[in-house]
Protein chains: 2
Amino acid sequence: MSEVNLPVASFSPLYEQIKVMILASLQAAEWLPGAVIPSEMELAARYAVSQGTVRKAIDELAAQNLLVRRQGKGTFVATHQEDDWQYRFLRLAPDSGEKFLLTSQFLSCLKAKASSHIANLLKLKAGDTVIQIDRVQSFAGKPIVFEEIWLPATRFKDLDLDALNAWHGPVYALYESQFATHMVRAEEKIKAISADGVLAGHLQIAAGSPLLSVERVAFTYGNKPVEIRHARYDTSEQHYENKLN
Amino acid sequence: MSEVNLPVASFSPLYEQIKVMILASLQAAEWLPGAVIPSEMELAARYAVSQGTVRKAIDELAAQNLLVRRQGKGTFVATHQEDDWQYRFLRLAPDSGEKFLLTSQFLSCLKAKASSHIANLLKLKAGDTVIQIDRVQSFAGKPIVFEEIWLPATRFKDLDLDALNAWHGPVYALYESQFATHMVRAEEKIKAISADGVLAGHLQIAAGSPLLSVERVAFTYGNKPVEIRHARYDTSEQHYENKLN
DNA sequence: GAGTGGTCTAGACCACTAC
DNA sequence: TAGTGGTCTAGACCACTCC
C-alpha cells in the first residue's frame with residue numbers, strides 16, 4: 001500500500017520522449033536547416049531504443065514538416081531554402097490558374113517601440129524595440145500585396161533596408177540564413193476591409209475597393225512567435241486558397 | 001532475359017493496398033459513419049497480413065480524418081454527427097474569442113438547371129438538375145453569413161425546404177443521415193467583395209460594405225464533388241481563421 | 001477478465017542513392 | 001557494394017473500456 005503512489009501524470013510513450021529530444025536538438029541548432037540528421041540506427045543507439053521507436057518519432061516530426069525523409073539519402077532538417085518550399089505559407093493564387101511569380105519591393109525598414117498589440121502577439125514587453133518593414137509585392141507589374149512586418153529587434157539585429165534589398169528569395173529563407181530562425185508554422189486571421197487612401201495608393205486601386213486583410217503570426221521551434229505580418233491582398237484577379245481536411 | 005519484364009508501374013506497398021480496400025468498404029457503405037469497423041486482428045485475418053500492416057493502413061486513414069481510433073473501444077468511421085465535429089469545416093470565429101452558436105434560417109430550396117460553372121464543379125453535364133438552397137446564419141440575432149448551396153438532384157432527391165427546416169443540426173449531418181453522403185474534405189477560394197443590394201439586405205448592412213466571399217467545393221469518398229457552396233461572411237466582428245503548417 | 005487499440009522490440013528483406 | 005530509409009512480420013506487454 002505504501003510503496004506505490006503512482007503519479008497521476010499521464011503516461012508518455014518512449015517515442016514521445018524521443019521526439020522531445022530531437023526537437024531540443026533542432027531548437028539548439030545542433031542540426032541546421034537543410035542538413036542531414038544522424039541515421040535512424042545511430043539515433044537508436046544514442047537514445048538506447050530500437051530503430052522502430054526512432055522511426056515513429058521521426059515519422060511524426062516529418063508529418064509536422066519539421067523533418068524531411070529522403071529514401072536512400074537520409075533525414076533532413078526542413079528548410080525554406082528549397083524550391084518546393086518557396087510558397088509554403090502563401091495561399092494566394094491567380095484566378096486564371098497559371099503559376100505566379102511575385103516581385104518584391106521593400107519600402108522601409110525601421111526600428112520602433114512595439115505597440116501593446118504587437119508586443120502582446122510577439123510575447124514582448126510593451127515598449128520593447130521591434131523592426132517594422134513595409135513592402136509591396138507585384139504580379140506582372142501590378143501591385144497585389146501590401147505588407148507590414150514586425151520582428152523582435154533582439155533576434156533580428158542588424159536587419160535593414162540594404163540587407164533586404166540585397167536578398168533575392170523568400171523572406172523566410174533570409175531569416176534562416178542570416179538570423180538562424182526557421183519558421184515552423186503560422187496562424188492567420190482573415191477579414192474583408194475597404195481600402196483607405198494609403199492602401200489604395202500602394203495597390204493602385206480606387207479608395208473603398210474591397211481588400212483581404214490577413215494578419216499572420218509565425219512561430220519557430222517551441223511555439224515561439226517571432227514574426228507578425230499584416231498583409232492586404234487585392235483579390236480582384238486572385239484568391240486565397242484553403243484546403244479543409 | 002525473357003521471363004523478367006518488370007512493369008515500370010511504381011511499387012505499391014501492402015498497406016497501401018489495404019488502405020484501398022478499406023476505402024472501398026467505406027465508399028460501399030459497408031461500414032456506416034459512426035459505426036465500428038472490425039478490429040485490427042480481424043482485418044489482418046481478412047486481408048491475410050500482419051496486424052502491423054493493418055495498423056499502418058488505419059493510421060494513415062485516421063490521419064486523413066476518415067477513421068477515428070478509440071483506445072479500448074475500437075476504430076470508428078468518422079461522422080459529422082459528433083459534438084466535436086459540428087464545426088469541422090467552419091473557420092469563422094468571433095473576434096472576441098468567445099464560443100459562437102449560429103442559428104440557421106433556410107430561405108429557399110429549389111430545383112433548377114445547373115449553370116455551366118456549377119455543373120463543371122460538380123462534374124455534371126450542363127443542364128443537369130441541381131437543388132439550390134439559400135440560407136442565412138445569425139449570431140446573437142445579427143445575420144453574419146449568407147449562403148447559396150448547390151447539390152446534384154439525383155443524389156439528394158426529395159430534399160426540400162420542409163426537410164431542411166425540420167432538421168436541427170449541421171447540414172453535413174443531415175446529408176449523412178438522410179442521403180448516405182459523408183463529406184470528407186473541402187476546398188475553398190476566398191475573396192474580398194463589396195456587398196450589393198441583395199447581400200446588404202440579407203446581412204442588414206450598408207450596400208458597399210466589404211464582405212468575405214468563400215466558394216467551397218466539398219467532396220465525399222473517392223474525391224467526388226457533391227456540394228458547392230458560395231458563402232458571404234460579414235467579418236466586421238468575426239474573422240476567418242487558418243493554420244499554416 | 002476479455003477485447004480493443006497502443007507501444008516496443010528484433011530481425012529479415014526491399015527500394016533507393018551514392019560511390 | 002555499402003548505407004540509408006521503407007516495408008513486413010511475429011510476439012510480448014501496456015493502457016483503456018466494458019461487462
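**Exercise 1. Burial of B:Glu40 and its partner**

Task: Determine whether B:Glu40 is buried or exposed in this predicted model, and state which residue it pairs with in a salt bridge.

Solution.
1. The relative accessibility of B:Glu40 is 13%. Because buried means under 20%, B:Glu40 counts as buried.
2. The partner of B:Glu40 is B:Arg69, with the closest N and O atoms 2.0 Å apart.
3. B:Arg69 belongs to strand β1 (residues 67-70) of chain B, whereas B:Glu40 belongs to helix α2 (residues 40-47) of chain B, so the salt bridge ties together parts 29 residues apart in sequence.
4. B:Arg69 has a relative accessible area of 27% and is therefore partly exposed.

**Exercise 2. A salt bridge between two strands**

Task: Locate the salt bridge between A:Glu147 and A:Arg135, and classify the accessibility of A:Glu147 and of A:Arg135.

Solution.
1. The side chains of A:Glu147 and A:Arg135 meet at an N to O distance of 2.8 Å.
2. A:Glu147 is found in strand β7 (residues 142-152) and A:Arg135 in strand β6 (residues 129-139) of chain A; the pair, 12 residues apart, links distant parts of the chain.
3. A:Glu147 is buried at 4% relative accessibility, and A:Arg135 is buried with a relative accessible area of 7%.
4. In chain B, B:Arg135 forms a salt bridge with B:Glu147, and the closest N and O atoms are 2.8 Å apart. There the elements are strand β5 (residues 129-139) for B:Arg135 and strand β6 (residues 142-152) for B:Glu147, so parts 12 residues apart in sequence are tied together.
5. Both B:Arg135 and B:Glu147 are buried.
6. A network of salt bridges with shared partners joins A:Glu40, A:Arg55, A:Asp59 and A:Arg69. Over all chains, the whole structure holds 31 salt bridges.

**Exercise 3. The largest nonpolar core**

Task: Identify which residues touch the most other members of the largest nonpolar core, and list the contacts of B:Leu159 beyond four places in sequence.

Solution.
1. The largest nonpolar core has 68 residues.
2. The residues that touch the most other members are A:Ile133, A:Leu159, A:Tyr175, B:Ile133, B:Leu159 and B:Tyr175.
3. With neighbours within four places in sequence set aside, B:Leu159 contacts B:Cys109, B:Ile131, B:Ile133, B:Leu151, B:Leu164, B:Leu174 and B:Phe179.

**Exercise 4. The surface near DNA strand C**

Task: Describe the residues that surround DNA strand C and the side chains that approach its phosphate oxygens.

Solution.
1. DNA strand C is surrounded by 21 residues, the closest being A:Leu14, A:Tyr15, A:Ser50, A:Thr53 and B:Arg69.
2. Of the atoms of DNA strand C that come within 4 Å of the protein, 81% belong to sugar and phosphate.
3. Polar side-chain atoms lie 2.4 Å from a phosphate oxygen for A:Thr53, 2.8 Å for A:Ser50 and 3.4 Å for B:Thr75.
4. At least two residues of this surface come from each of α1 (14-27) and α3 (51-63) of chain A, and β1 and β2 (74-77) of chain B.
5. By class, the surface residues comprise five nonpolar, nine polar and seven charged.

**Exercise 5. Positive phi angles**

Task: Give the location and accessibility of A:Lys123 and of A:Ala140, each of which has a positive phi.

Solution.
1. Most residues other than glycine have a negative phi.
2. A:Lys123, not a glycine, has a phi of about 55 degrees. A:Lys123 sits in the loop between α4 (116-122) and β6 of chain A and is exposed at 63% relative accessibility.
3. A:Ala140, likewise not a glycine, also has a positive phi of about 55 degrees. A:Ala140 occupies the loop between β6 and β7 of chain A and is exposed at 73% relative accessibility.

Key
Residues numbered from 1 in each chain as written. Chains lettered and ligands numbered in written order. Predicted model: local features only at pLDDT ≥ 70, side-chain atom pairs only at ≥ 80, totals over all residues. Heavy atoms only, no water. Salt bridge = Lys/Arg side-chain N within 4 Å of Asp/Glu carboxyl O. Helix = DSSP H or I, 4+ residues; strand = E, 2+ residues; numbered from the N terminus. Buried < 20%, exposed > 50% of the residue type's maximum accessible area, 1.4 Å probe, protein only. Core = buried A, V, L, I, M, F, W, Y, C linked by side-chain atoms within 4.5 Å. Contact = heavy atoms within 4.5 Å. Near = heavy atom within 4 Å. Polar contact = N/O pair within 3.5 Å; in protein donor to acceptor, adjacent residues only side chain to side chain. Nonpolar A, V, L, I, M, F, W, Y, C, P; charged D, E, K, R; others polar.
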